[in-house]
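Here are some exercises to try with the structure open beside you. Have a go at each task before you read its solution.

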Amino acid sequence: MSLLEVRNLHTAFYTDAGVVNAVNHISFNLDRGKVLGIVGESGSGKSVTAYSIMQILAGTGRISEGSSIKLDGQELVGAGENVMKDIRGNRISIIFQDPMTSLNPTYTIGRQLSEAILLHTDRNREQARARAIEMLKLVNVNEPEKRMKQYPYEFSGGMRQRVMIAMALACEPDILIADEPTTALDVTIQAGILELMKDIQKELGMAIILITHDLGVVAQMCDEVIVMYAGSICEQGTADEIFYNPKHEYTKGLLRSIPTTGNMGERLQPITGTPIDLLNMPAGCAFAPRCEAAMKICMREKCERMQINENHMAACWMNVRDALNAETAQSEAAQETVQGAEQSEAE
Amino acid sequence: MNNTNEQPLVEVKHLKQYFDINTGFFKSTPLKAVDDISFSIRKGETLGLVGESGCGKTTAGRTILHLYKPTGGEVLFHGKPVRTKQEIDEYRTKATMVFQDPYSSLDPRMTVSDIIGEPLDVHKMYSSKTERRERILELMDHVGLNSEHAARYAHEFSGGQRQRVGIARALAVNPEFIVCDEPVSALDVSIQAQVINMFDELQDKLDLTYLFIAHDLLVVRHISDRIAVMYLGKMVELADAADIYDRPLHPYTKALISAVPVPDPNMARSNQRIALTGEIPSPLHAPSGCPFHTRCPYAADVCKGSMPAFEEVEKGRFVACHRVKEIN
């Protein structure tokens, strides 16, 4: 059994303009000690997936019936706010993109850190303070005793994100969800934070869900990758499979469109068209209107996710076509070898 | 087309931009956002300007366009200085800017055609209404917008399309030189490539020269001919795009390049990152001597004492480091 099992998760926002299906029946597993990357553009549903797991959706958002999120076998959907209060911060923690607004400017760092520890453990005030200092040391904040008395404005962006990580990890959660943890930071600071997350993950053995739009960060951090587009998972597999053997046209397009060390001086090959409008979803594959290889069936019908190999799944009709082509090629080849006697009744 | 003897299009000489910050009652301290930078840009070239937040790259771009009055130094355009009001006005019909945020840089109460037409109105660049309209449609065509978009408002567009509007506005006065301040960083990955390609194509078509400011090093390397690196208001290295990437000389450039997450798992695994200790110091209290010495793994006593000169160490390659010869 996996640590986290998400089955058929569907989250919709009931807005005045209509129903927005932000996450469309997605399923995935997360094992202990793994880093799972979720990549996608804005509006692809990657953050909503995370918020659904934590059940911290905005007022109009609802997880539909039939969805299932199991933590260690315990069903979280419909479990109620009391159960979730125990889970949040304790077993699953989240850090947000913007370290500037995630901390309360009117309390000291020490107070905010201790608060989380007091709330979730039975330590007393003194022990909580000691634990907070220990956590600040873990995330490489210099002079933690002094820093405890300071306010968020006295911290730089990178330092604040370290405090957020310290807070998220204070109760040794099983899962850390990091929602674009380094997007607001500079590259040299980003590199430090990513390294820190990896080190702590090895030390504590927790699982990480890393939500990002930066394929570079994914390549550096993740064991497994989920690529999302318009609320659905297009492709899922190990990082090597996704980067070196992409099997969904959207993933291929993304990889072609980014500047790399290999395509300097050449024109990039962008994905054409504009991002999808979630209020007007096409009938077939959501990516079909922008897909250069789109076939008739792509416009009509959604493709189910198919196993490409043991470590790789993709939901793209191209793979079906390629499989059929390979089959016919094979049978043709077989026929040629048999030849003569049973002539031409190929399908 | 470019030879080195040719007159550069833009020359920046010892440019300084200080802001006075109140640090107490009747007391102010200068914040040296840009501190004595010099470089030149050839016609038809793209110069990338990179650095981390607070290094002064945006201020440099704005000061070069005289959106801020320089505290010191000067900008030469076609070899001529830009100083008087008249010179600045004329300069602004030749040098324009594309802003970072396509959401806040377009007036929500103006239609697309009015946004693009505004520079034409300001500089009185048409003789009749029809001419104005035709010019706007031509500009929209340049950036891949349909004529039916002309009567719409900015909020009706996606980020990528808004940035196209911003670019069309920058092109309106027929500029030779455009300062692009992080023009793609607010866009989604799949849209970034469209806009980067458009910059490329427009450069070929209209013979443009860019100063391309960004923090995403892979994007900058892709689009630039040469790259300049800034740290705390100073320029620390300037070289050909490929050189700076494959063989950085300044310790800060080395660290910066090694920190870039490469979208390739195998390379990411083998990549040896040069870890920098500490944080970027506040530009209000910039360290003495070389501003990088507090974080530099090679720092020696000489670095604390004096600011190294920005010198040509190889042909076309400038570095400001006391120990550049020893460490490379």
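**Exercise 1.** Find out whether B:Asn174 is buried, partly exposed or exposed, and describe its backbone.

*Solution.* Start with the accessibility: B:Asn174 has a relative accessible area of 48%. Buried means under 20%, exposed means over 50%, and partly exposed is in between (1.4 Å probe, protein chains only). B:Asn174 therefore counts as partly exposed. Next, place B:Asn174 in the fold: it sits in the loop between α5 (159–171) and β7 (177–181) of chain B. Helices (H or I, at least four residues) and strands (E, at least two) are DSSP runs, numbered from the N terminus. Finally, check the backbone: phi of B:Asn174 is positive, about 60 degrees, although the residue is not a glycine. Most residues other than glycine have a negative phi.

Before you go on, please keep in mind that this is a predicted model, in which local features need pLDDT of at least 70 and side-chain atom pairs count only at pLDDT 80 or more, while totals for chains, interfaces and linings use all residues. Residues are numbered from 1 along each chain as its sequence is written, chains are lettered from A and ligands numbered from 1 in the order in which they are written, and side-chain values use heavy atoms, with hydrogens and water left out.

**Exercise 2.** Where in chain A does A:Glu172 lie, and what is its phi?

*Solution.* A:Glu172 belongs to the loop between α6 (157–169) and β8 (175–179) of chain A. Its phi is positive, about 45 degrees, and A:Glu172 is not a glycine.

**Exercise 3.** Describe the surroundings of B:Arg226.

*Solution.* First, the element: B:Arg226 lies in strand β9 (residues 226–231) of chain B. Second, the accessibility: with a relative accessible area of 8%, B:Arg226 is buried. Third, the neighbours: leaving out residues up to four places away in sequence, B:Arg226 touches several residues, among them B:Ser40, B:Glu45, B:Leu238 and B:Asp240. Contact here means heavy atoms within 4.5 Å.

**Exercise 4.** Characterise the interface of domain 1 and domain 2 of chain B.

*Solution.* Begin with the division: domain 1 spans 10–94 + 175–327, and domain 2 spans 103–174. These bounds come from an automatic or database domain assignment. The centres of the two domains, taken over C-alpha atoms, are 30 Å apart. Then count contacts: 18 residues of domain 1 of chain B meet 12 residues of domain 2 of chain B. The two domains bury about 1300 Å² between them, 71% of it on carbon and sulfur atoms. Buried area is the accessible area (1.4 Å probe) that two parts lose on being put together, summed over both. On the domain 1 side, B:Thr93, B:Pro175 and B:Met198 lose the most area, together 36% of what that side buries. Lastly, the rule finds zero salt bridges across this interface; a salt bridge is a side-chain nitrogen of Lys or Arg within 4 Å of a carboxyl oxygen of Asp or Glu.

**Exercise 5.** How many residues and salt bridges take part where chain B touches chain A?

*Solution.* Contacts come to 39 residues of chain B and 42 residues of chain A. About 3500 Å² is buried between the chains, with carbon and sulfur atoms giving 57%. The rule finds five salt bridges across the interface. In a salt bridge, the side chains of B:Asp200 and A:Arg267 meet at 3.5 Å, N to O.
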